[in-house]
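Let's take a walk through this complex together, one contact surface at a time. Have the viewer ready, and we will begin with the DNA before turning to the protein.

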2 protein chains.
Amino acid sequence: MSISIQMQLNERLYLKNPQDTKLGKKIIQYSIILIDEIGFEAFTFKKLAERINSTEASVYRYFENKHRLLVYLLCWYWEWMKFHIDYNTMNIEDPKQKLKIAISAIVDTSRRNTSIQFVDEDVLHRIVVAEATKAYHTKQVDEENKEGFFLTYKSLAKRIAKIIKEVNPNYPYPRALASTLLEMANNHIYFAQHLPSLTDIEVKEDDLSQVEELLEDFAFGLLIRD
Amino acid sequence: MSISIQMQLNERLYLKNPQDTKLGKKIIQYSIILIDEIGFEAFTFKKLAERINSTEASVYRYFENKHRLLVYLLCWYWEWMKFHIDYNTMNIEDPKQKLKIAISAIVDTSRRNTSIQFVDEDVLHRIVVAEATKAYHTKQVDEENKEGFFLTYKSLAKRIAKIIKEVNPNYPYPRALASTLLEMANNHIYFAQHLPSLTDIEVKEDDLSQVEELLEDFAFGLLIRD
DNA sequence: TGTTTATTGGTAGTTTTACTATCGATTCGA
DNA sequence: TCGAATCGATAGTAAAACTACCAATAAACA
């Protein structure tokens with residue numbers, strides 16, 4: 001018996017489903033490693049092809065360009081985060097507890113789940129922190145949004161907003177708070193590592209507990225006022 | 001009599017001070033317009049040179065590459081925002097009032113100040129909203145930070161953090177709140193325009209008052225708890 | 001087992017980007 | 001008006017971002 005788990009992602013993101021073939025999986029696996037190593041700007045399909053002993057043309061059979069590959073990788077992470085939030089809040093009654101669980105997933109899903117596939121989620125998380133904003137900060141946002149590229153992210157934010165509403169139905173900005181928590185997590189991890197004067201927290205040896213505390217203080221400070 | 005105002009910016013950002021010459025000023029003026037038109041990714045020195053009837057090589061005499069030009073433009077805006085906050089809070093006693101003034105500057109400095117130079121601050125603000133995160137989301141952050149590229153931004157954040165501390169000296173995350181307000185403003189303007197389900201606010205006909213309300217609710221909600 | 005078909009490799013070629021170098025003309029200030 | 005600064009014009013390179021085509025091979029299927 002063999003179990004194979006497939007991540008369902010927007011088909012328009014790729015030309016050929018990379019999860020279907022050996023080479024496809026290698027592209028996913030090593031693009032994560034290479035983007036982490038050299039950064040998204042310096043990353044090219046040619047360098048990736050060299051790394052996996054394949055050719056540029058072969059990579060182009062899977063993804064139209066590197067931007068779509070990036071969005072694909074990010075959607076993977078977001079989809080996984082959403083699953084994680086759903087799974088871990090399933091039998092929880094207390095909305096506050098739910099929100100705490102969601103925040104811990106927002107801060108770092110990779111730390112809390114075992115890897116099941118060819119994706120190194122720990123490295124993927126570093127990409128999310130460093131490159132995620134580039135997914136939608138382009139001139140093509142509107143077209144890409146119409147094509148559904150950001151459905152995963154939006155539905156993740158919606159899920160978090162729903163929990164926020166449960167905690168305080170009268171809070172006027174549930175969606176804004178949800179997206180802010182998502183953005184803040186990445187920002188403050190990045191700031192702590194590169195521009196520490198822009199935050200008050202520290203991230204020592206991948207210990208993200210202070211980020212979690214910050215987000216909890218933020219969320220509950222806004223939602224629970226007496 | 002003639003008054004000429006110069007914006008003091010980090011000298012390492014440019015090879016030759018663009019504020020010193022006609023061509024330099026044209027580069028600043030039209031790079032803002034062109035980046036706004038086609039986005040930073042598609043923007044090249046060649047296209048800029050064509051637009052101003054000059055040559056690629058001439059543009060390269062001022063800036064090493066387009067990334068440094070972007071940082072230069074953003075620093076311009078941040079420097080200006082800082083000046084604006086300082087100027088408008090000068091004779092104000094009440095810290096809460098100071099923070100409100102700061103927030104209104106964060107949301108949109110361009111709307112509140114008359115243009116004095118060859119820079120169209122309104123268009124520059126659109127660039128800040130759409131492209132600002134790209135300034136420091138690169139593999140070279142650490143080196144560039146050492147070179148002082150982000151001093152302007154950091155000192156702006158520090159100024160805002162100082163006001164936050166005046167409002168509530170016991171708040172544990174003044175710097176994080178300052179940078180979050182700066183990031184949030186851009187994010188929610190952008191979301192309202194391109195990914196509206198990620199926020200609760202609306203931006204109609206460049207009316208940013210709802211962004212201001214959101215940031216005020218955030219800041220005071222966190223700082224004033226009874 | 002043989003035959004399609006899918007998948008990949010290899011090569012080649014194009015346009016654009018991101019530069020650098022050189023030289024002559026112009027302009028600007030002392 | 002002399003010299004320095006500035007700019008325009010041209011040329012050239014390496015890499016990026018693709019597209020096209022054909023042959024080899026592996027997988028599927030009958």
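Of the atoms of DNA strand C within 4 Å of the protein, what percentage belong to sugar or phosphate? In this predicted model, the figure is 48%, and the rest belong to bases. Keep both kinds of atom in view as you look at the residues around this strand.

DNA strand C is surrounded by 19 residues, and the closest of them are Leu23(A), Ser54(A), Arg61(A), Tyr62(A) and Tyr60(B). Two of these are good places to zoom in. Arg61(A) places a polar side-chain atom 2.6 Å from a base oxygen of DNA strand C, while a polar side-chain atom of Tyr62(A) lies 2.4 Å from a phosphate oxygen of that strand. Chain B takes part as well: an N or O atom in the side chain of Lys47(B) is 3.3 Å from a phosphate oxygen of DNA strand C. Helix 3 of chain A and helix 3 of chain B are the elements that give two or more residues to the surface near this strand. Helix 3 of chain B gives the most, with three residues. Sorted by class, the surface near DNA strand C has five nonpolar, seven polar and seven charged residues.

Now swing over to DNA strand D. Of the 19 residues around it, Glu56(A), Tyr60(A), Ser54(B), Arg61(B) and Tyr62(B) come nearest. For the atoms of DNA strand D within 4 Å of the protein, sugar or phosphate accounts for 46% and bases for the rest. In the side chain of Tyr62(B), an N or O atom is 2.4 Å from a phosphate oxygen of DNA strand D. Lys47(A) has a polar side-chain atom 3.4 Å from a phosphate oxygen of the strand, and the side chain of Tyr60(A) has an N or O atom 3.1 Å from a sugar or linking oxygen. Two or more residues of the surface near DNA strand D come from helix 3 (56-60) of chain A, and likewise from helix 3 (56-60) of chain B. Here helix 3 of chain A gives the most, with three residues. The classes near DNA strand D are five nonpolar, seven polar and seven charged residues.

Next, let's see how the protein chains meet. Chain B and chain A each bring 53 residues to their contact. The area buried between them is about 4400 Å², with carbon and sulfur atoms giving 56% of it. On the chain B side, His137(B), Tyr173(B) and Asp200(B) lose the most area to chain A, together 16% of what that side buries.

There are polar features to explore here too. Four salt bridges are counted between the chains, including one between Arg225(B) and Asp217(A), whose closest N and O atoms are 3.1 Å apart. There are also 23 residue pairs in polar contact between chain B and chain A. Among the helices of chain B that each supply at least two residues to this side are helix 1 (22-38), helix 8 (151-167) and helix 9 (174-194). Helix 9 provides the largest share, 14 residues. The side of chain B that touches chain A has 24 nonpolar, 14 polar and 15 charged residues.

How are the two copies related? Chain B superposes on chain A after a rotation of 180 degrees with 0.0 Å of shift along its axis, at an RMSD of 0.0 Å. The copies are therefore related as by a two-fold rotation axis. The same surface serves both, as 100% of the contact residues of chain B recur in chain A.

Technical notes: Residues are numbered from 1 along each chain as its sequence is written. Chains are lettered from A and ligands numbered from 1 in the order in which they are written. This is a predicted model: local features need pLDDT of at least 70, side-chain atom pairs count only at pLDDT 80 or more; totals for chains, interfaces and linings use all residues. Side-chain values use heavy atoms; hydrogens and water are left out. Contact means heavy atoms within 4.5 Å. Buried area is the accessible area (1.4 Å probe) that two parts lose on being put together, summed over both. A salt bridge is a side-chain nitrogen of Lys or Arg within 4 Å of a carboxyl oxygen of Asp or Glu. A polar contact is a pair of N or O atoms within 3.5 Å; within protein, one must be able to donate a hydrogen and the other to accept it, and residues adjacent in sequence count only if both atoms are side-chain atoms. Helices (H or I, at least four residues) and strands (E, at least two) are DSSP runs, numbered from the N terminus. Ala, Val, Leu, Ile, Met, Phe, Trp, Tyr, Cys and Pro count as nonpolar, Asp, Glu, Lys and Arg as charged, and the others, Gly among them, as polar. Copies are superposed by least squares on the C-alpha atoms of residues with pLDDT of at least 70 in both. A residue is near a molecule or strand if one of its heavy atoms lies within 4 Å of it.
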